[in-house]
Amino acid sequence: MQDLAEGVARFQRDVFPAKAELFARLATHHTPHTLFIGCSDARVVPELITGCEPGELFVIRTAGNLVPPHTPGADGVAASIEYAVGALGVTDIVVCGHSACGAMTALAEEHDLSDAPAVATWLRHADASRARTAAPGDVPSLVRQNVLAQLANLATHPSVARALAERRATLHGWVYDIGTGRVTPLPTEAPAPAA
Ligand SMILES: [Zn+2]
């Protein structure tokens, strides 16, 4: 905890004054251009890998960068998506997977999750990702297929479906490699044209 307190003190002493103008504007404006959905993994830091400043990314981080498909019952992920896309009007939506993902490794290698029932239940949202992955144990392939499957889930949320139909937003799938810092965009299917 000591490190965090020192970090806060350093932020107030060095970082905040250097960006005082930015923070003054952000105090009354919230206009992110991108919804970034990444893994909760501590090694995947959205602003760092995209070079974005505070205020630019609306971030949702979940274990395995999973996005449950839309259901009538609301949840935190759905509410955050709806707010970012429907209310804030982000124009780009990124789902970012990453190398050495613990969630994807557990699935690909069929780890015993009986001691982690919440994790086991949550990872069911990657069932389609597993179904799309030909070789069992192939973590990099599952990471890629999972990004594509979560983009499909994302499109089931009404706010996203509407933004895609009206061509107000674009979906992007990325994989971040922790060891090299490389970001690889995945080919994504073009959204269906508006009826
Ligand atoms: Zn992960």
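Cys 39 is buried in this predicted model, with a relative accessible area of 5%, and because buried here means under 20% relative accessible area, the residue falls within that class at 5%. Cys 101 is likewise buried, at a relative accessible area of 1%. These two cysteines meet at a metal site, where the SG atoms of Cys 39 and Cys 101, together with NE2 of His 98, serve as the protein donors of the zinc ion and lie 2.0 to 2.2 Å from it. Along the sequence, the donor residues follow the spacing C-x58-H-x2-C. The cysteine pair therefore links distant parts of the chain, since Cys 39 belongs to strand E1 (residues 34-39), whereas Cys 101 sits in the loop between strand E3 (92-98) and helix H5 (102-108), with the two positions 62 residues apart in sequence numbering. As for the set of donors, sites may look incomplete because water is not among the atoms.

From the zinc site the view can widen to the fold as a whole. The protein contains nine helices and five strands, and when these elements are read along the sequence they follow the pattern α-α-β-α-β-α-β-α-α-α-α-α-β-β. Its radius of gyration is 18 Å, close to the 16 Å that the globule rule gives for 195 residues, so the protein is as compact as a globular protein of that length. Taken along the principal axes, the box that the C-alpha atoms fill is roughly 50 × 50 × 35 Å.

The contacts and the surface add to this picture. Among contacts between residues at least 6 apart in sequence, 66% join residues that are at least 24 apart, and 36% of the 195 residues count as buried. The accessible surface of the protein comes to about 10900 Å², and carbon and sulfur atoms account for 58% of that area. As to charge, the protein carries 14 positive and 20 negative side chains, and the centres of these two sets lie 5 Å apart.

A further position to follow in the structure is Pro 158, which lies in helix H9 (residues 158-165). At 37% relative accessibility, Pro 158 counts as partly exposed, because that class covers values between the 20% limit for buried residues and the 50% limit for exposed ones. Pro 158 and Ala 78 are 80 residues apart in sequence, while their C-alpha atoms are 9.8 Å apart in space.

Methods. Residues are numbered from 1 along each chain as its sequence is written. This is a predicted model: local features need pLDDT of at least 70, side-chain atom pairs count only at pLDDT 80 or more; totals for chains, interfaces and linings use all residues. Side-chain values use heavy atoms; hydrogens and water are left out. Donors are N, O and S atoms within 2.8 Å of the metal (3.2 Å for Na, K and Ca); water is not among the atoms, so sites may look incomplete. Helices (H or I, at least four residues) and strands (E, at least two) are DSSP runs, numbered from the N terminus. Buried means under 20% relative accessible area, exposed over 50%, partly exposed in between (1.4 Å probe, protein chains only). The radius of gyration is taken over C-alpha atoms; the globule rule is 2.2 Å times the number of residues to the power 0.38. Contact means heavy atoms within 4.5 Å. Accessible areas come from the Shrake-Rupley method with a 1.4 Å probe; for residues, only the protein chains shown count as cover. Lys and Arg count as positive and Asp and Glu as negative; His and the chain ends are not counted. The place of a charge is taken as NZ of Lys, CZ of Arg, CG of Asp or CD of Glu.
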